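Reader: I would like a close look at one part of this model, followed outward into its surroundings. Please take the loop around the unusual proline in the first chain and then set it in context.

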Amino acid sequence: MTSLMIQPRRNWKKNIPRLIQYAVLTLIVIVVFVPIVMLVFSALKTRGEAMTNPYTLPIPPRWDNYINILSAPNFWMMLRNSLLVMAATTTGVVLVCSLAAFVFARMRFRSKDLLFNILTLGLMFPINIGILPVYLLIRDLHLPDTFLGVILVQTAFALSGNIMILRGFFLSIPMELEDASYIDGCTPFDFFWRILLPIAKPALAAVAALTMIVSWNDLLVPLVLINKETLWTLPLGTMQFQGQYGMDVSLVNAFVSLSALPTIIFYIFAERQIVAGMTAGAVKG
Amino acid sequence: METAADSGVAVKPRKAPLLTQKVQKNLTIFLFLVPAFALFLLFIVYPIFKSVYYSFFSWKGFGDPTDFIGLENFQQILKDKIFQKAVLNGLLIIALSLGIQLPLSLSLAIMVGRDLPGRAIFRMIFFLPYVISEVITAIAWMGLYNPDPTRGLFNAILTLIPGVEPVAWLGDMKVVMPALFVVLTWKFFGLHMLLFLAGLQGIPMEVEEAARIDGANGLQLIRFITLPMLGSTIRTSVYLSVLGSLQQFVLVWIMTKGGPVNASEVMATYMYRFGFVRFWYGYGSAVAIVMLLVSLVFSIGYLRIIRQPDFQGAE
């Protein structure tokens, strides 16, 4: 009886740290959203409104900036270019990495460790360091101003990390399964294609989601390899748009927030895969 | 699920001679590795060697490199005050990341913990900045940092205090690095928090319960149980944070172009300036080699020191 009466008071005291916890976390949530919300607020105002009251709620919302951008061909062209590069890079990365990861995880042969270690050294040479040497190579190959150049470079620089992630997943698949399949007359390719890949679907999804984000957001490779305006990807086009229309802040912010939208939608749906890929990649890498 | 093992009766065992099986295996290994290694050799290994070669030339982009100058590019890089500034800025970003960003991420991860109601939503929101592109991040923050209080939110808030002058966040040589660091923290704290959250998942509940029964309070729990058991995650985070800090490019380039007067120059913007603005390919290649060596020396040194299983792959 007594314990029942004391219970509520104890809970109330116990809840104070919880409240502080939520207060701090909510504050951080606000900090995360401020830059994004300010973009959208400004985009939903006319140029004049944005000058006179930049910080108020956009009431009534003015959709003109968004309509302007969506009714011009540029945005759609960049969206298409980004989608194309992303789709090709992701397909390439998943395919090439799962083949190599399979060999490193499940086959035994001489100099396997050496080859794998060489591959992991690629992590020391990320694209931010390699961009100039890679640009000179692409120039020699006559591939500037082509999607192929961008796709090949993005794929190559995604290899090391993703092979490591997939190898980790492939290693965790029980050996008995493989032995049984060989006894049944499967070739290594059969085992890979018909047994391993279907089991590893979640891992492949994680690698694909991660690669999609990286490719979609990449500025540096298109910036250096692409000149032609019709080939600009969304990040490159966004940067150029900001440079060109910088005076019309509302219009720029409308463009920027529109180009963020696909990422945010994708993130909401693929959060689990992205997080899984990220965590595995960091721990393995 | 039906596996090959279950359906053993249905699949006809092939009576392949041993040799064919061996050939088959080797062929698989070869064919499966060819795409990865072809790309790797062509786009990663070959450019490294090629840029070592270019780095010995004074080559300003016209024709082929012919003007061999030995190690002069490297001497010039190391003597250049601007490059020294870029290195110092890199070290500053590392220091601030390790001193502020990681502790912040760790505290948030501990707060979100394993069982806080709403955990999944907090995790999702905190990781959002990492997913948004650097271009968008840069432009959004340039808006907040606008020096004009009628346009930039930060100065609007700051000038509410009577007598306070607006700050040129990105235009003041003394303020620009801290201002950039705030953006870096906004973008990357979620990544580290995510890693710490994954690490926390790995700590068995029983250990914490046992400590609690023994009378440990919240802080003691964190100090003596949580932190030591997060050791390997913290080391991973430090490693990624240092390498990431040394390689920053897009955010800095869009927001300040390394300015004002080189105050926010970092190694990658320095390389970009010489390589792609001035077309000094020989000199730029030498900068790339220096950056590669810095990353390599740090990685090898760090991995030697901490030597532990979760870094095996990179060793």
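Author: Pro60(A) sits in the loop that joins H2 and helix H3 (64–71) of chain A, and in this predicted model the peptide bond leading into it from Ile59(A) is cis, with omega near -5°. As a general matter, most residues other than glycine have a negative phi, and most peptide bonds are trans.

The helix just before this loop calls for some care in reading, since helix H2 (residues 47–52) of chain A is where confidence in chain A is lowest, at a mean of 78, whereas helix H11 (residues 220–225) of chain A has the highest, at 96. Over residues 1–7 of chain A the pLDDT is below 50, and beyond near neighbours in sequence this stretch makes 0 contacts in the model. Where pLDDT is low, the predicted coordinates should not be read in detail. For chain A taken as a whole, the mean pLDDT is 88, and 94% of the residues reach 70 or more.

The domain assignment splits chain A into domain 1 (18–62) and domain 2 (74–284), with 33 Å between the two centres when these are taken over C-alpha atoms. Across the boundary, 8 residues of domain 1 of chain A are in contact with 7 residues of domain 2 of chain A. On the domain 1 side, the elements that give two or more residues are helix H1 (2–43) and H2 of chain A, and the largest share, 4 residues, comes from H1(A). By kind, the residues on that side of domain 1 of chain A divide into 4 nonpolar, 2 polar and 2 charged.

Seen as a whole, chain A has 13 helices and 0 strands. Its radius of gyration is 25 Å, where a compact globule of 285 residues would have one near 19 Å, and along the principal axes its C-alpha atoms fill a box of roughly 80 × 75 × 30 Å.

Chain A also meets a partner, for 77 of its residues are in contact with 77 residues of chain B. On the side of chain B that touches chain A, the largest share, 17 residues, is supplied by helix H1 (residues 18–54) of chain B, and the residues of that side divide into 54 nonpolar, 16 polar and 7 charged.

Chain B has a cis bond to set beside the one described at the start: the peptide bond from Gly259(B) to Pro260(B) is cis, with omega near -5°, and Pro260(B) lies in the loop between helix H11 (250–256) and helix H12 (267–277) of chain B. The loop between H11 and H12 of chain B also holds Asn262(B), which has a positive phi of about 65° although it is not a glycine.

Elsewhere in chain B, a helix pair can be described in some detail. The axes of helix H3 (residues 81–112) of chain B and helix H10 (residues 231–246) of chain B come within 9 Å and cross at roughly 145°, and the crossing of H3(B) past H10(B) is right-handed. Among the residues that make this contact are Gly90(B), Ile93(B) and Ile94(B) of H3(B), together with Ser237(B), Val238(B) and Ser241(B) of H10(B). The residues of the contact between H3(B) and H10(B) divide into 7 nonpolar, 6 polar and no charged.

Terms used
Residues numbered from 1 in each chain as written. Chains lettered and ligands numbered in written order. Predicted model: local features only at pLDDT ≥ 70, side-chain atom pairs only at ≥ 80, totals over all residues. pLDDT = per-residue confidence, 0-100. Contact = placed C-beta atoms within 7 Å. Domains from an automatic or database assignment. Nonpolar A, V, L, I, M, F, W, Y, C, P; charged D, E, K, R; others polar. Axes fitted to C-alpha atoms, helices over the stretch in contact; angles between N-to-C directions. Left-handed = near helix turned anticlockwise from the far one by under 90°. Rg over C-alpha atoms; globule rule 2.2 N^0.38 Å.
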